[in-house]
Amino acid sequence: MLRTLKLLALSSAIAIPSFAFADNHPQTMGPNGEAPTPVASLQLSEADVAKVAEGGYTAALVWHELYDWSNAVAQGAKDEFSRLGIKVIAETNAGFDTARQKSDVETVMANNPTIIVSLPIDPPTASGVYGIARDAGVKLVFIDNAVKGFTHGVDYVTVVSADLFQIGNKAAHTLATAMGKQGTVGYMFHDADFPVTNQRDNAFKWTIENDYPDMEIVVESGMTDPANAEDIARAMLSRNPDLGGIYTPWAEPALGVLSVLRQDGNDHTKVVTIDLNEPVALDMLKGGNTAGIIADEAYSIGVYAARSAALSLLERSVDPFLVVDALAIGRDNIVEGWNKSLNMAPPETVVNAAN
């Protein structure tokens, strides 16, 4: 999860668990505590599409960084803007540099876009990045993060993200199934103040503790640098050699855990992780320790970001925090899941291993 890796530099060293409850059940919470709205609620009629297409609107995509996940989000936005007759006039890549992202906004503003879709790198300082666009009346749609100090419906249209509780919840169910719903679990969580991972991690923990009475989290270890994942895994296993499963917060640390398990000749400890990754997928397909991978619908995030902007142009209100579904991906649906998440075929190695 590269967007998480880069945000480590902007995070504190203390994890802050956070999710909201509805009817005594946890749910994902937006960056300002908003309740989630499923993206399926956003609909445009044929008349709406025609009206938007007549407007001569333009859009700019101002990215934090471009890689598989953000490329999928970008393609979803481009495809939906094309359907709506909105021309994408610029796409930038800040290389996860806040100063460069500010410069990118200033550069695209020279072309007077109607809409900007962007993932703010550092929300607490981002008002200085997007203020020029906000002041010019540009429709701002954010991915994952809201800008601190900006007001929904006034300064920006909405935030589109994944259903974070659903991701952690599905990770727990996947691991539990692989373990026969019993046994001991190692819980490796992201030890930083970053709501995306905090909510996913704590959803996993909540689900194991509340839904699986015959499973027990016997060791919890915080992680800030994926390079330390091997040491964390060794420590977990030295104290608990019969550990039945390990949760890892995203794919990069999962690779470290898998490396330790291979070195130890351990074929019984199951691993579950989040976000698509070729080596992890191959481990799963070849009968390794990986029990499953959970991914969000990245392409759909882009589609609904564009659609949100169109609704705003039609002067319709959009809820402040929109979420896409999570996908539980296993050996039997890896190709389908990869396509649904990223709207692209998996690497040839994955396709061959799946066949």
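## A tour from the Asp155–Arg134 pair outward

Begin by selecting Asp155 and Arg134, whose side chains form a salt bridge with the closest N and O atoms 3.3 Å apart; a salt bridge here is a side-chain nitrogen of Lys or Arg within 4 Å of a carboxyl oxygen of Asp or Glu. Because Asp155 lies in the loop between β7 and β8 (158-162) and Arg134 in helix α5, the pair ties together parts that are 21 residues apart in sequence. Asp155 is buried, with a relative accessible area of 11%, whereas Arg134 is partly exposed at 27%; buried means under 20% relative accessible area, exposed over 50%, and partly exposed in between (1.4 Å probe, protein chains only). Helices (H or I, at least four residues) and strands (E, at least two) are DSSP runs, numbered from the N terminus.

This is a predicted model, in which local features need pLDDT of at least 70 and side-chain atom pairs count only at pLDDT 80 or more, while totals for chains, interfaces and linings use all residues. Residues are numbered from 1 along each chain as its sequence is written, and side-chain values use heavy atoms, with hydrogens and water left out.

**Helix α5 and its cover**

Staying with Arg134, select helix α5 (residues 127-135), where Val129, Tyr130, Gly131 and Ala133 are buried. The cover over the buried residues of α5 includes α4, β6 (115-118) and β7 (139-143), a relation that rests on contacts, meaning heavy atoms within 4.5 Å. Just after the helix, Gly137 takes a positive phi of about 85°.

**Asp104 in helix α4**

Move next to α4 (residues 98-109) and pick out Asp104. Asp104 is buried yet has no salt bridge, and Arg100, the nearest side chain of opposite charge, is 4.6 Å away; for this purpose Lys and Arg count as positive and Asp and Glu as negative, with His and the chain ends not counted. If neighbours within four places in sequence are set aside, Asp104 is in contact with Val62, Thr92, Asn93 and Ala94.

**Two more salt bridges**

Side chains of opposite charge can pair when their charged atoms come close. Select Arg83 and Glu80, which meet in a salt bridge of 2.8 Å, N to O, and which both lie in helix α3 (residues 68-83), three residues apart, or about one turn of the helix. The two ends of this pair differ in exposure, since Arg83 is partly exposed at 42% relative accessible area and Glu80 is buried at 4%.

Then turn to Lys205 and Glu220, joined by a salt bridge whose closest N and O atoms are 3.2 Å apart. Lys205 lies in helix α7 (residues 195-211) and Glu220 in strand β10 (residues 215-223), so this pair ties together parts that are 15 residues apart in sequence. Glu220 is partly exposed, at 41% relative accessibility. Returning to the α3 pair and adding Arg307 shows a network, in which salt bridges that share partners join Glu80, Arg83 and Arg307. The structure holds twelve salt bridges.

**Helix α11**

Helix α11 (residues 298-313) is the next selection; its 16 residues reach 23 Å from the first C-alpha to the last, close to the 22 Å expected, where the expected span is 1.5 Å times one less than the number of residues. The helix is mostly covered, with 16 of its 16 residues buried. Just after α11, Glu315 takes a positive phi of about 60°.

**Loop residues**

Most residues other than glycine have a negative phi. Lys181, however, has a positive phi near 60°; this residue lies in the loop between α6 (164-178) and β9 (183-190) and is partly exposed at 48% relative accessibility. Asn343, with a positive phi near 55°, is found in the loop between α12 and α13 (348-354) and is partly exposed at 40%.

Asp332, in the loop between β15 (326-329) and α12 (334-342), is exposed at 74% relative accessibility. Asp332 and Asn355 are 23 residues apart in sequence and 9.7 Å apart in space, C-alpha to C-alpha.

**The whole chain**

Finally, zoom out to the protein chain, whose secondary structure comes to 13 helices and 15 strands. Its C-alpha atoms fill a box of roughly 65 × 45 × 40 Å, taken along the principal axes. Of its 355 residues, 57% count as buried, and residues 24 or more positions apart account for 74% of the contacts with a separation of 6 or more.
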